[in-house]
Amino acid sequence: MTGTWRNWAGTVHARPAETVVAMSVEDVRSAVERARPRGLRVKAVGAGHSFTPIARTDGVAVRLDGLRGLTAADLPERRVRVRAGTPLHELNPALQALGLALPNLGDIDRQSLAGALATGTHGTGGRRHGIASAVTGLRLVLADGSLLWCSAEEEPAVFEAARVGLGALGIVVEAELQCVPAFLLRAREGSDTLSAMLDGAALRAAEEHDHFELYWFPHTDRVQTKRNDRAAPHAPRRPLPAWRAWLDDELLANDAFELVNRIGAWRPRLVPPLARLSARALSGREFVDHSWRVFCSSRRVRFVECEYAVPRASVGEVLRALRDWVDAHDVAVSFPVEVRFLAGDDVWLSTAHGRDTAYVAVHQYHRVDPGPYFAAFEAIAGEHEGRPHWGKVHTLTADDLAPRYARFDDFRAVRDRLDPDRVFGNRYLEQVLGA
Ligand SMILES: Cc1cc2nc3c(=O)[nH]c(=O)nc-3n(C[C@H](O)[C@H](O)[C@H](O)COP(=O)(O)OP(=O)(O)OC[C@H]3O[C@@H](n4cnc5c(N)ncnc54)[C@H](O)[C@@H]3O)c2cc1C
């Protein structure tokens, strides 16, 4: 099969020499084995939700759409094995049916499990971790077509590298996940001022709440806050009424927001007054629902995004500098800046490796050039040893990244061992890992 591939944002295009839709592990192995004698490189493709060209290939694109669903469940240990192509929106209800859940999730569920793991996809929670920290084992198809199982006990170096593997080590076909009992989240959304958040309220909220995040509306001092906490066991579920969920999450957050962005792209001078209007319209709401329903929402307005992980204590300085830059420049920013938190972890290429982290993410509507805004933000994050999300727009190279990750060279050593000929390479991996 041939054809053009593009990512969700429509900013990365590719024309792979061949696209294989794998229905089995054997299909993946044979795609790798057949590519090598033809001198083609191989790339697993997930749901295409990365903003970077991390999934782009002109060789063989292997889609794992057919490799979905659970393969095993150990209920007493709360461990499951999952085929790597399973989309998160299928995984979450499947876990729920077993009385299980992932401890933390990002804010959408359209990604494939393997794609989400490969780039270090994360949500928020000052005492919590990203999705990759729940992985206890991975099965990979290697560059010679062989299969390898890795875990903390078997092939531990491969395991540490492959949990956030950038698609550079092999094609993951199955993952083992340590789940937690299914839980309800009590969501409390409200509004506040950026000034109050910068004065320490954000850091306190990140400590006090299970999952705290905020959205700052540039050109204003307003923020929207989301405080999600685990409900007591047996607490009743109190989801939003269907009409309210539709009004807030579909009509306002998507349809009306699309309109605002179109107007802003057409007449940038209207963006600041529109931002002030939107910020004034922020209202609070409270509900209790299944964790994955609270974590994930629908995002239909296309955008591009750049996100950096910075040491948590730097978040105030980063936001102040960003606000000053926006105020001092003739730039129209129609998307809120998203701020999230994670505890430090031990996954080698996790953006939260070894330090309690704050994530600051800037976005621009897909029809607007993000250039100067993103460049200014990257410079600010760079002053705080910022680590870019592997799947979101950035310009850093291996030379910039190596000093920011204590285990960077260990990762590259595993890559050299597993894929010396760079069968799984592409231009993006050359940029961030070196040749
Ligand atoms: C609207 C939107 C919201 C988002 N929200 C968040 C968020 O809340 N938090 C966050 O951290 N990120 C977020 N992201 C980024 C997103 O989670 C990541 O870019 C993620 O990698 C996308 O997964 P995917 O399945 O689309 O993978 P793709 O983008 O298709 O691929 C990503 C990488 O995974 C590799 N890969 C895919 N399958 C395999 C496999 N089987 N074996 C080995 N490698 C594989 C690919 O080769 C590529 O290197 C968001 C993106 C969008 C568009």
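Student: Which strands and which helix each supply at least two residues of the shell around the ligand?

Tutor: Bear in mind that this is a predicted model. Within it, H3 gives four residues, the largest share of the shell. The elements that each supply at least two residues are strand E4 (42–45), helix H3 (113–118) and strand E11 (171–178).

Student: Where does the ligand lie relative to domain 1 and domain 2?

Tutor: Let's start with the bounds: the domain assignment gives domain 1 (5–63), domain 2 (70–181) and domain 3 (184–388). Domain 1 and domain 2 both give residues to the shell, so the ligand lies between them.

Student: What residues come nearest to the ligand, out of the 34 around it?

Tutor: The shell divides into 16 nonpolar, 14 polar and four charged residues. Of the 34, the ones that come nearest are Ala44, His49, Ser50, Asp107 and Thr119.

Student: Which residue has a polar side-chain atom 2.8 Å from an oxygen atom of the ligand?

Tutor: Two other residues use the backbone instead: a polar backbone atom of Ala47 is 2.9 Å from a ligand oxygen, and one of Ile54 is 3.4 Å from a ligand oxygen. The side-chain atom at 2.8 Å belongs to Thr121.

Student: How much of the ligand's accessible area does the protein cover?

Tutor: Those polar contacts to Ala47, Ile54 and Thr121 are one part of the picture. On its own, the ligand has 970 Å² of accessible area, and the share covered by the protein is 98%.

Student: How many residues does the contact take from domain 2 and from domain 3?

Tutor: Taken over C-alpha atoms, the centres of these two domains are 25 Å apart. The contact takes 27 residues from domain 2 and, from domain 3, 32.

Student: Which three residues supply 25% of the area that domain 2 buries against domain 3?

Tutor: Between them, domain 2 and domain 3 bury about 2700 Å², with 52% of it on carbon and sulfur atoms. One of the three residues you want, Asp107, has already come up as one of those nearest the ligand. On the domain 2 side, the trio that supplies more than any other three residues is Asp107, His122 and Thr124.

Definitions and conventions
Residues numbered from 1 in each chain as written. Predicted model: local features only at pLDDT ≥ 70, side-chain atom pairs only at ≥ 80, totals over all residues. Heavy atoms only, no water. Near = heavy atom within 4 Å. Polar contact = N/O pair within 3.5 Å; in protein donor to acceptor, adjacent residues only side chain to side chain. Areas by Shrake-Rupley, 256 points an atom, 1.4 Å probe, with all protein chains shown as cover. Nonpolar A, V, L, I, M, F, W, Y, C, P; charged D, E, K, R; others polar. Domains from an automatic or database assignment. Contact = heavy atoms within 4.5 Å. Buried area = accessible area lost by both parts, 1.4 Å probe.
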